[in-house]
Amino acid sequence: MINAYVLVLNKSWVAVNVAPAKRALTLLFQGHAQVVHPKDYALYDFDAWLQFSRASNGVSPRRYVYTPSERIRLPEVIVLNVFNGFHTPEVRLSRRNIFARDKNYCQYCGQRYKRCDLTIDHVVPKSRGGGETWENLVLACMHCNLKKRDRTPEEAKMPLIRRPVAPRWLPRFESPLPKEELHSWKRFVDLAYWSTEVLD
């Protein structure tokens, strides 16, 4: 269950988010959402989904969560009963997410390194007014970091291989999603919408 995710549709059946399975079950239990059957699109509230779960066969045991008295099949897609807007995720600026965005590539020489051989460089140095922003932080290998020193890329004649920007993906997608989840989701969303950098 820890690694399972559920596609969330708004009231108009437009994909708006991906939620951990635990959150999806909470929304279902509270009556804020219904489960969408992945094949026939039938809708299930919590009680109906419990009955469906009892009768479900041929599904991997890891697609269930177990309580002392029940086994509940993890939904793959839910539709919200009220919300009809759109969720625009904002990726938190953090060391971990910069490594995820730049994929362990030095943004100056273009070589891939082990995490321990990389550092985070300020494109415009802090001493020159450079801030802690997505657009001003990149990964750099030790060699390039020492070579660039307290200069801008232009001054050091070290152009960036890619302009740094805030990523548009959710951090939890750093690892590929299970194929069975993608298969059920493709009926509701163009998978190209999710960053191909993460799904590759």
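# Exercises on a predicted model

Strand S3 and strand S4 (residues 43-44) run antiparallel and are joined by 2 bridges. The model is a predicted one, and the exercises below start from this pair of strands.

## Exercise 1: the open sheet

Work out in which order the strands of the open sheet are arranged, and which of them stand at its edges.

Step 1. Begin with S3, which covers residues 33-36 and pairs with strand S7 (residues 77-80) in the antiparallel sense over 3 bridges; within this pairing, Ala 33 has Leu 80 as its bridge partner in S7.

Step 2. Turn to the pairing of S3 with S4, where Val 35 stands opposite Tyr 44. The hairpin of these two strands has 6 residues between them, and in this hairpin Tyr 41 takes a positive phi near 65 degrees.

Step 3. Add S1 and S2, which pair in the antiparallel sense over 5 bridges, with Tyr 5 standing opposite Pro 20 in S2.

Step 4. Put together, the open sheet has 5 strands in the order S2-S1-S7-S3-S4, and its pairing is mixed. S2 and S4 each have a single partner strand, so they stand at the edges and one side of each is left without a neighbour in the sheet.

## Exercise 2: a nonpolar surface patch

Find which residues make the nonpolar surface patch of about 270 Å².

Step 1. The patch is made by Trp 13, Tyr 41 and Leu 43.

Step 2. Locate Trp 13 in the loop between strand S1 (5-9) and strand S2 (15-20), and note that its relative accessibility is 34%, which is why Trp 13 counts as partly exposed.

Step 3. Recall Tyr 41 from the hairpin of S3 and S4, and place Leu 43 in strand S4, which spans residues 43-44.

## Exercise 3: a cluster of rings

Determine how Tyr 44, Trp 49 and Phe 52 are linked.

Step 1. A search of the whole structure finds 5 aromatic pairs. One of them joins Tyr 44 and Trp 49, whose rings lie 5.4 Å apart from centre to centre with 70 degrees between the planes, an edge-to-face pair; both residues are buried.

Step 2. Trp 49 and Phe 52 have ring centres 4.9 Å apart and planes at 25 degrees, and since planes under 30 degrees apart count as stacked, this pair is stacked.

Step 3. Trp 49 and Phe 52 are 3 residues apart in helix H2 (residues 46-55), so about one helical turn separates them. In an α-helix there are 3.6 residues a turn, so residues three or four places apart point the same way. Phe 52 is buried, as is Trp 49.

Step 4. The ring pairs therefore link Tyr 44, Trp 49 and Phe 52 into a cluster.

## Exercise 4: salt bridges and their surroundings

Among the 7 salt bridges that the structure holds, describe the one between Glu 70 and Arg 54, and then decide whether Glu 76 and Arg 73 are buried or exposed.

Step 1. In the salt bridge of Glu 70 with Arg 54, the closest N and O atoms are 2.7 Å apart. This pair links distant parts of the chain, 16 residues apart, with Glu 70 in the loop between strand S5 (64-66) and strand S6 (71-73) and Arg 54 in helix H2.

Step 2. Glu 70, at 21% relative accessibility, counts as partly exposed, and Arg 54, with a relative accessible area of 46%, is partly exposed too.

Step 3. Glu 76 and Arg 73 meet through their side chains in a salt bridge of 3.5 Å, N to O. Buried means under 20% relative accessible area, so Glu 76 at 14% counts as buried, and Arg 73 at 11% relative accessibility likewise counts as buried.

## Exercise 5: helix H3 and its partners

Trace which residues are linked with Asp 102 in a network of salt bridges.

Step 1. Helix H3 covers residues 95-102, and its buried residues are Asn 97, Ile 98, Phe 99, Arg 101 and Asp 102.

Step 2. The side chain of Asp 102 meets that of Arg 162 in a salt bridge (3.5 Å, N to O). The two lie 60 residues apart, Asp 102 in helix H3 and Arg 162 in the loop between helix H5 (153-156) and helix H6 (179-185).

Step 3. Asp 102 counts as buried at 2% relative accessibility, whereas Arg 162 counts as partly exposed at 37%.

Step 4. The network of salt bridges links Arg 101, Asp 102 and Arg 162.

Terms used. Residues are numbered from 1 along each chain as its sequence is written. This is a predicted model: local features need pLDDT of at least 70, side-chain atom pairs count only at pLDDT 80 or more; totals for chains, interfaces and linings use all residues. Side-chain values use heavy atoms; hydrogens and water are left out. Two strands pair if DSSP finds at least two bridges between them. Helices (H or I, at least four residues) and strands (E, at least two) are DSSP runs, numbered from the N terminus. Buried means under 20% relative accessible area, exposed over 50%, partly exposed in between (1.4 Å probe, protein chains only). Patches are made of residues with over 30% relative accessible area and no salt bridge: like charges are joined within 9 Å, nonpolar side chains (Val, Leu, Ile, Met, Phe, Trp, Tyr) within 5 Å. Accessible areas come from the Shrake-Rupley method with a 1.4 Å probe; for residues, only the protein chains shown count as cover. A salt bridge is a side-chain nitrogen of Lys or Arg within 4 Å of a carboxyl oxygen of Asp or Glu. Rings of Phe, Tyr and Trp (its six-membered ring) pair if their centres lie within 6.5 Å; planes under 30 degrees apart count as stacked, over 60 as edge-to-face and the rest as tilted.
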